[in-house]
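Okay, thanks everyone, let's get going. I'll put the structure up and then walk you through it piece by piece.

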Amino acid sequence: MRIELEKRPKISTLFSILSPFIALILTIIAGAIMFMLLGKNPLDALYSFFVEPLLEVWSLHELAIKAAPLILIAVGLSVCYRSNNWNIGAEGQFIMGAIAGSILPVVFYEWHSPLVLPLMLLMGMLGGALYAGIPAFLKAHLNTNEILTSLMLVYVAQLFLDWLVRGPWRNPDGMNFPETRTFAAEAILPELLSSGRTHWGFVFAILAAILVWFMMRYTLKGLEISVLGQSERAGRFAGFSSRKMIWFSMMLSGACAGLAGIAEVSGAIQQLRPVISPGYGFTAIIVAFLGRLNPLGIIAAGLVLALTYLGGEAAQLSIGVSEKVTRVFQGLLLFFVLSCDTLIHYKIRVIWSKLGGTAVDGGH
Amino acid sequence: MKKIIFALATTAAVLGFSAQASAQEKAKVCFVYVGSKTDGGWTQAHDIGRQELETALADKIETQFLENVPEGPDAERAIERLARSGCGLIFTTSFGFMDQTVKVAAKFPDVKFEHATGYKAAPNVATYNSRFYEGRYISGQIAGKMSTKGVAGYIASFPIPEVVQGINAFLLGARSVNPDFKIKVVWANTWFDPGKEADAAKALIDQGVDILTQHTDTTAPMQVAAERGIKAFGQASDMIKAGPETQLTAIVDTWAPYYIKRTQAFLDGKWETTSSWDGLKDGILTMAPYTNMPDDVKAMAEETQKKIESGELKPFTGPINKQDGTEWLAAGVSSDDGTLLGMNFYVEGVDDKLPQ
């Protein structure tokens, strides 16, 4: 017996739209089975995982805090992926954005001015964009594989941050702990509402999603991105430059990741530490695909992923399961999203080698 | 479909209700852990303290915990979640939770917080710590007797005062029996990373140390020592299982007496903010059984322990010089706690440059 994937002649529009929802439902069912095997009541468990975090205002704030960087990074990545540029290094661009943006509050900490915060945000975007410019340059001029270069630059960024906070940028009043000075008040991204900790980073994320959505749908640039992404040759006939597109998409996604980085540091952490991201840059790749590379879909996907983080914590408290459940749910979700997508494009054909194998093969 | 929704809603209501009902009966005491509760070291010691607390006051309290909480914004959310879920007393058990604990405490003036090993207090935030260095002095003495080469390897975490105290106390203990004793220090820059800790252990052994001690939390260095056939000291928890023929003793953190004392005060309405720094005599740390050593060394260790418990011996008592040879403590003078809590210098004889 053998299983083959066969390309479907026509892709169902209905199922393309439904696919993420089917994946979500399958994840929940698989999760319920897992909780049952752990000896927990699956209804209680799913309730505390997916519903409890949505019932309180403060928890919704935490959801927004967690979702903001995921959405912002994923929106940038969607432009890259649509144009067939595979930027895997958003985590590094996030970190470099955070470092570039932190120059003012850490090195020039004595400079107090209302200009500090806007400059920090700009420098954050610039830092992320320039860092993404390295793989862009390598791809555009040396034809290097951007998947490898952007991924490897993540580790460079992580080690650079590590060196900074242990060495030249270490807080002189921090009891020798590896962390920088805490930011002064004017370097902190203000909270949005008095009811919780959500800061302006969430607004940036939503704005970026809307702007990119508009660009993709209504502008020539959007058309250029899609055309070059689907067929570079066709794009060239239309007069679009794929080299310029490499620069544009990589720098744009780098800027988004960099802004997410400085917003996270300035709004939530308020200092640099050896580790400032629990892997937002990588989780955002899941978010981008779960949102079907559509900026508005990405907003929803970012919120769902953020919910798995909060849910893991809530479930730990109320039903006493390990916090590793979060990882399991994220893995299940990605698995089902990818397999649903595969099944939209392909159908499974089982080939029985003994019984009627020839008859099936004869069909060709 | 309607039926399902109704069933879900009922379940939700019942759940919510039962949670509230039990909260009214018993006080909730909660813990935030930086590592896994089965890490075999620091966090496990706190979790054993929690379990003993729950057993001791079973009819009056229940406990809850969140484990593997990263330091930073996630810690703030975790602590806030506990405060909101009805915890009356919250222990945050890592230095890196300090700022987050103080921040959340300001929002919940009716909840009491206890932060381990930090220095920032508030009317509803107490701090607690243990005089680990007393145990390190005893370990150092044992090392001084047991090491044939007279060189010990020290796997350190971060150059904060608590760790520097430990290095100094270990060396002072060792030099009390072997005046030429040396230690080599490796800064792992982590509390919990089996891979890095094992690498540090291997590097030290390759440099010729024949005894190993650690101020990091996993059993990895103990396992490396066991493989290479040298002796080692456990940290935070009794690590004898990782090295049945390797561990000489371990500094065991026994938080239970403190947790029980403070929870009782909380239940009696007598909880007040304090900055507590207990030692061997209070039972906040104990020494694991002295094993894998000759009887005379064991007798010496036991005697030193008794002297420290009775207050007859204070590890940081002069004459002690600083690393550069200048005098720190004159003969017979003991250091005050303030100097120890901010300790950022080595004593004479430490073969390392303190990261500044």
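So, start with helix H6 of chain B, residues 161-177, which lies across strand E6 (151-156), E7 and strand E8 (211-214) of chain B. Its direction runs at about 170° to E6(B). And before I go on, keep in mind that this is a predicted model.

There's another helix to look at here, H8 of chain B, residues 220-228. H8(B) lies across E6, E8, E9 and E10 of chain B, and it runs at about 170° to E9(B).

Now the sheet under those helices. In what order do the strands of this open sheet come? Reading across chain B, you get E7-E6-E8-E9-E10-E12, so to speak a row of 6 strands, with mixed pairing. At the edges you find strand E7 (182-187) and strand E12 (285-287) of chain B, each pairing on one side only. On average, neighbouring strands in this sheet are turned by 15° against each other, direction ignored.

One pair to zoom in on: strand E9, residues 231-236, and strand E10, residues 247-253, both of chain B, pair in the parallel sense over 4 bridges. If you want to find the register, look for B:Gln235, which stands opposite B:Ile251 in E10(B).

Okay, next sheet. Chain B has an open sheet of 6 strands in the order E2-E1-E3-E4-E5-E11, and here the pairing is parallel. Why do E2 and E11 of chain B each have one side without a neighbour in the sheet? Because strand E2 (61-66) and strand E11 (275-278) of chain B stand at the edges, with a single partner strand each. The average turn between neighbouring strands in this sheet is 20°, direction ignored.

This sheet has a helix on it as well. Helix H4 of chain B, residues 98-107, packs there, touching strand E3 (87-92), strand E4 (112-116) and E5 of chain B. The direction of H4(B) makes about 170° with that of E4(B).

Let me stay on E5(B) for a moment. Strand E5 of chain B covers residues 125-130, and it pairs with E11(B) in the parallel sense over 4 bridges. With E4(B), E5(B) also runs parallel, again joined by 4 bridges. A handy residue to click on is B:Tyr128: its bridge partner in E11(B) is B:Ser276, and B:Tyr128 is also the bridge partner of B:Ala116.

Is E5(B) mostly covered or mostly open? Mostly covered: 6 of its 6 residues are buried. B:Val125, B:Thr127 and B:Asn129 point one way, B:Ala126, B:Tyr128 and B:Ser130 point the other way, and all are buried.

Let's zoom out to domains. Chain B is divided into domain 1, 25-130, and domain 2, which takes in 132-253 + 284-341. The centres of these two domains of chain B are 28 Å apart, taken over C-alpha atoms. In the contact, domain 1 of chain B puts in 9 residues and domain 2 of chain B puts in 15 residues. On the domain 1 side, helix H2 of chain B, residues 42-56, gives the most, with 3 residues. By class, that domain 1 side has 2 nonpolar, 6 polar and 1 charged residues.

A residue I wanted to show you is B:Glu71, in the loop between E2 and H3 of chain B. Buried or exposed, what would you say for B:Glu71? B:Glu71 counts as buried, because it has 22 C-beta neighbours inside 10 Å, and the cut-off for buried is 20 or more. Leaving aside neighbours within four places in sequence, B:Glu71 is in contact with B:Val34, B:Ser94, B:Gly96 and B:Phe97. B:Phe95 is 24 residues away from B:Glu71 in sequence, with 9.1 Å between their C-alpha atoms.

Now the two chains together. On this interface, 23 residues of chain B are in contact with 18 residues of chain A. Helix H1 (2-25), E2 and helix H3 (73-84) of chain B each supply at least two residues of the chain B side. H3(B) gives the most to that side, with 6 residues. The chain B side divides into 11 nonpolar, 7 polar and 5 charged residues.

Last stop, the cores. The largest nonpolar core has 105 residues, and A:Ile71, A:Leu72, A:Ile73 and A:Val287 touch the most other members. Helix H10 of chain A, residues 242-269, gives the most to this core, with 16 residues. Apart from that core lies another, of 97 residues, including B:Ile183, B:Ile230, B:Ala242 and B:Met343. Okay, that's my tour, over to you.

Technical notes. Residues are numbered from 1 along each chain as its sequence is written. Chains are lettered from A and ligands numbered from 1 in the order in which they are written. This is a predicted model: local features need pLDDT of at least 70, side-chain atom pairs count only at pLDDT 80 or more; totals for chains, interfaces and linings use all residues. Two strands pair if DSSP finds at least two bridges between them. Axes are lines fitted to C-alpha atoms, for helices over the stretch in contact, and angles run from 0 to 180 degrees between N-to-C directions. Two residues are in contact if their C-beta atoms, placed from the backbone, lie within 7 Å. Ala, Val, Leu, Ile, Met, Phe, Trp, Tyr, Cys and Pro count as nonpolar, Asp, Glu, Lys and Arg as charged, and the others, Gly among them, as polar. A residue is buried if 20 or more other C-beta atoms lie within 10 Å of its own, exposed if 12 or fewer, and partly exposed in between; C-beta atoms are placed from the backbone. Domain bounds come from an automatic or database domain assignment. A nonpolar core is a set of buried Ala, Val, Leu, Ile, Met, Phe, Trp, Tyr and Cys residues joined through C-beta atoms within 7 Å.
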